[in-house]
Amino acid sequence: MIINFADIEGAAERIAPYATRTPVLRSSYLDELTGAQLLFKCENLQRAGAFKFRGACNAVMALADAVAAHGVVTHSAGNHGAALALAARLRGIPAYVVVPEGTVKSKVEAIREYGATLHFCAPTLVAREAECERLRQETGATLVHPFEAPHVIAGQGTAALELIRDAGDLDIIMTPISGGGLIGGTAIAARELLPQVAIFAAEPEGAADAFESLRRGERVTDVVPNTICDGLRASIGAVNFALLQQFAISVLPVSDAQAIAAMRLVFERLKLVVEPSSATVLAAVLRHPEHFAGKRVGLILSGGNVDLDHLPWQH
């Protein structure tokens, strides 16, 4: 299935009864600091605390009744698992979530609280996928891939759809990047509504597989992630890498220190709780000002599921 703008419009209609239409916020201080007009789409205020609910909800609500009855299964380091668990609960079907050992405790608890059955595995993609496949065969559940499933990508694109409809004309739109579902959906929506818009993705230096993939012109999957941005440790998906190339998306690397500093700025100036992963977009504007000065920039703050007992500046 090739995802197009009609799929994103369909997703917006499908998830409207369930998803929060998150606000777009501004800060005159951050505009002055960066020399740009920054418009923040606050997906940290989305249900389950992240944009992931959009894609998970779209995928779950699109299932035929007979298929949905067997439930859904996925693997996740947190936000997608929680989002899928909530979407499944809203539809009244089972959810099975494979979680790698070492996942942030607050994210594991959220998945459990939304009613999913948790299955732990070794912290490798091979282990995650193997356990997912075992559960799928055992239960008959439908696999909802965290970033390659077409309904997931279409659902994630609804955040950009709302941002552009609320904010109006933008010169640039940027999201964090990991597996690539958010940036893929964003690119499809943004180019349809704003054909001249430039599209950027922010990526931690310690998990820079998307940056490296674009540099080499082929998908790189052997990067071992080492970053505080726990939501951005997945390798770019195959369909998602194709979208990066198709839409000429530029990936901007940031350090963990820059992400943490930006996270603190968002706390202080926008009064928002965001994850380091979310803060990468502001970190990228601050680190690469030549792209953004004088521009009107839409930034998607991807999530706000933070372990408040371990804030990164309290070490």
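**A walk through the model: one threonine, some salt bridges and two crossing helices**

Let's start with Thr103, which sits in the loop between strand S4 (95-100) and helix H6 (105-113). Keep in mind as you look around that this is a predicted model. Is Thr103 buried or exposed? Its relative accessibility is 15%, and buried means under 20%, so Thr103 counts as buried. What does its side chain have for company? A polar atom of the Thr103 side chain lies 2.7 Å from the backbone oxygen of Pro100. If you leave aside neighbours within four places in sequence, Thr103 is in contact with Ala77, Gly78 and Val108.

Now let's turn to charged side chains. How many salt bridges does a search of the whole structure find? The count is 17, and we'll visit a few of them.

Take Glu162 and Lys41 to begin with. They form a salt bridge in which the closest N and O atoms are 2.6 Å apart. Find Glu162 in helix H8 (residues 150-167) and Lys41 in strand S2 (residues 37-42): the two are 121 residues apart in sequence, so this pair ties together parts of the chain that are separated along it. Both Glu162 and Lys41 are buried.

For another pair, go to helix H7 (residues 125-139), which holds both Arg136 and Glu133. Their side chains meet in a salt bridge, with 2.8 Å from N to O. Here the partners are just 3 residues apart, about one turn of the helix. What about their surroundings? Arg136 has a relative accessible area of 33%, so it is partly exposed. Glu133, at 31% relative accessibility, also counts as partly exposed.

Next up is Arg287, which forms a salt bridge with Glu205, the closest N and O atoms being 2.5 Å apart. Where do these two sit in the chain? Arg287 is in helix H13, while Glu205 is in the loop between strand S8 (198-204) and helix H10 (209-216). With their positions 82 residues apart, the pair links distant parts of the chain. Arg287 is partly exposed, with a relative accessible area of 31%, and Glu205 is partly exposed too, at 43% relative accessibility. Some salt bridges also share partners: Lys41, Glu43, Arg54 and Glu162 are joined into one network that way. You've already met two of its members, Lys41 and Glu162.

Arg287 has another part to play, so stay with helix H13. Two packed helices are described by the angle between their axes and the distance between the axes. Helix H12 (residues 256-270) and helix H13 (residues 276-287) pack at an angle of about 100 degrees, with their axes 7 Å apart. Angles of 65 to 115 degrees count as roughly perpendicular, so that is how H12 runs relative to H13. Which residues make the contact? From H12 come Gln258, Ala259, Ala262, Met263, Leu265 and Val266. H13 brings Pro276, Ala279, Thr280, Leu282, Ala283, Leu286 and Arg287. Sort the residues of this contact by type and you get 10 nonpolar, 2 polar and 1 charged.

To finish, have a look at Glu192 in helix H9 (residues 181-193). Its relative accessible area is 46%, so Glu192 is partly exposed. How far is Glu192 from Glu131? The two are 61 residues apart in sequence and 38 Å apart in space, going from C-alpha to C-alpha.

Notes
Residues numbered from 1 in each chain as written. Predicted model: local features only at pLDDT ≥ 70, side-chain atom pairs only at ≥ 80, totals over all residues. Heavy atoms only, no water. Axes fitted to C-alpha atoms, helices over the stretch in contact; angles between N-to-C directions. Helix = DSSP H or I, 4+ residues; strand = E, 2+ residues; numbered from the N terminus. Parallel < 35°, antiparallel > 145°, perpendicular 65-115°, else oblique. Contact = heavy atoms within 4.5 Å. Nonpolar A, V, L, I, M, F, W, Y, C, P; charged D, E, K, R; others polar. Buried < 20%, exposed > 50% of the residue type's maximum accessible area, 1.4 Å probe, protein only. Polar contact = N/O pair within 3.5 Å; in protein donor to acceptor, adjacent residues only side chain to side chain. Salt bridge = Lys/Arg side-chain N within 4 Å of Asp/Glu carboxyl O.
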